[in-house]
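Please open the structure in a viewer and keep the selection tool at hand. The tour below proceeds from one selection to the next and states what is to be found at each.

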Amino acid sequence: MRLASTLAALLAAGATFGAALPAQAAAPALQIVKIYYDSPGADRRSNASLNAEYVTLLNTTRKAIDLEGWSVRDKTGYTYEFGADAVLGPKKRITLRTGQGGDGTSSVFWNRRQYVWNNDQDTAYVRNATGKLVDSCSYKAASRSAYVTC
């Protein structure tokens, strides 16, 4: 009797039982985790300065991702496309640097001689090989920040 009256009181008060919690969105397979948009020092387009401007991507899956044909683009339309040998292991990161260098397993190079990421605001987009948007990250620069974590 006591259990029945307690249950009736709870139901009258609006209690629900067995309600599902809202599902969280799954992380994209390739996620933008950091954009370093304002390299240290004066912007004189030295290769060291260009390479200090970068985007870091994370494979959030438990499987390697063949990045051939995947792309990273800014709001203006500057686009980098990964080549045939770009494979990112599970839970691994890869950094796309603006300047020139030799591609490896943890860094690839845009091979540009000018900056890509605006120091005030911009958006990075990652698309898979079929052109589908996988992830994006926008920023508005804070006065003391040179990068954003996404």
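Begin by selecting strand 2, and display its side chains. Tyr 54, Thr 56 and Leu 58 point one way from this strand, while Val 55, Leu 57 and Asn 59 point the other way. The residues on both sides are buried, and strand 2 is accordingly described as mostly covered, with 6 of its 6 residues buried. The model in the viewer is a predicted one.

Next, add strand 1, residues 30–36, to the selection. Strand 1 and strand 2 (residues 54–59) run antiparallel and are joined by 6 bridges. Two positions may be labelled here: Lys 34 has Thr 56 of strand 2 as its bridge partner, and Ile 35 stands opposite Val 55.

Now select strand 7, residues 93–97, which also runs antiparallel to strand 2 and is joined to it by 5 bridges. Label Leu 58 and Arg 93; the latter, in strand 7, is the bridge partner of the former.

With these strands shown, extend the view to the whole sheet. In what order do its 5 strands lie? The order is 8-7-2-1-11, in an open sheet with mixed pairing. Strand 8 (107–109) and strand 11 (147–149) stand at the edges; each has a single partner strand, so one side of each is left without a neighbour in the sheet. On average, neighbouring strands of this sheet are turned by 25 degrees against each other, direction ignored.

Before leaving this sheet, select Lys 34 again, together with Tyr 147. The charged end of Lys 34 sits over the ring of Tyr 147, at 4.4 Å from the ring centre.

Proceed to the open sheet of 4 strands, whose order is 5-4-9-10 and whose pairing is antiparallel. Its edge strands are strand 5 (79–81) and strand 10 (133–140), each of which pairs on one side only. The twist from one strand to the next averages 10 degrees. Within this sheet, select strand 4 (residues 71–74) and strand 9 (residues 121–127), which run antiparallel and are joined by 4 bridges. Arg 73 has Tyr 125, in strand 9, as its bridge partner.

The next selection is Cys 137 with Cys 150. These residues form a disulfide, with their sulfur atoms 2.0 Å apart. The pair links distant parts of the chain: Cys 137 belongs to strand 10 and Cys 150 to the segment after strand 11, 13 residues apart. The angle about the S-S bond is -80 degrees, and the link is left-handed. The structure holds 1 disulfide. Are its two cysteines buried or exposed? Cys 137 counts as buried because its relative accessibility is 7%, whereas Cys 150, with a relative accessible area of 39%, is partly exposed.

Finally, turn to the aromatic rings, among which a search of the whole structure finds 6 aromatic pairs. One of them is the tilted pair of Tyr 36 and Tyr 54, at 5.5 Å centre to centre and with 35 degrees between the planes. This pair links strand 1, which holds Tyr 36, with strand 2, which holds Tyr 54. Both Tyr 36 and Tyr 54 are buried. Trp 110 and Trp 117 form an edge-to-face pair, at 6.2 Å centre to centre and with 75 degrees between the planes; both of these residues are buried. Add Tyr 80 and Phe 82 to the selection, since these two form one aromatic cluster with Trp 110 and Trp 117.

The last stop is Arg 112, which lies over the face of Tyr 78 at 4.2 Å from the ring centre.

Notes
Residues are numbered from 1 along each chain as its sequence is written. This is a predicted model: local features need pLDDT of at least 70, side-chain atom pairs count only at pLDDT 80 or more; totals for chains, interfaces and linings use all residues. Side-chain values use heavy atoms; hydrogens and water are left out. Two strands pair if DSSP finds at least two bridges between them. Axes are lines fitted to C-alpha atoms, for helices over the stretch in contact, and angles run from 0 to 180 degrees between N-to-C directions. Buried means under 20% relative accessible area, exposed over 50%, partly exposed in between (1.4 Å probe, protein chains only). A disulfide is a pair of cysteine sulfur atoms within 2.5 Å. Rings of Phe, Tyr and Trp (its six-membered ring) pair if their centres lie within 6.5 Å; planes under 30 degrees apart count as stacked, over 60 as edge-to-face and the rest as tilted. A charge sits over a ring if NZ of Lys or CZ of Arg is within 6 Å of the ring centre and within 35 degrees of the ring normal.
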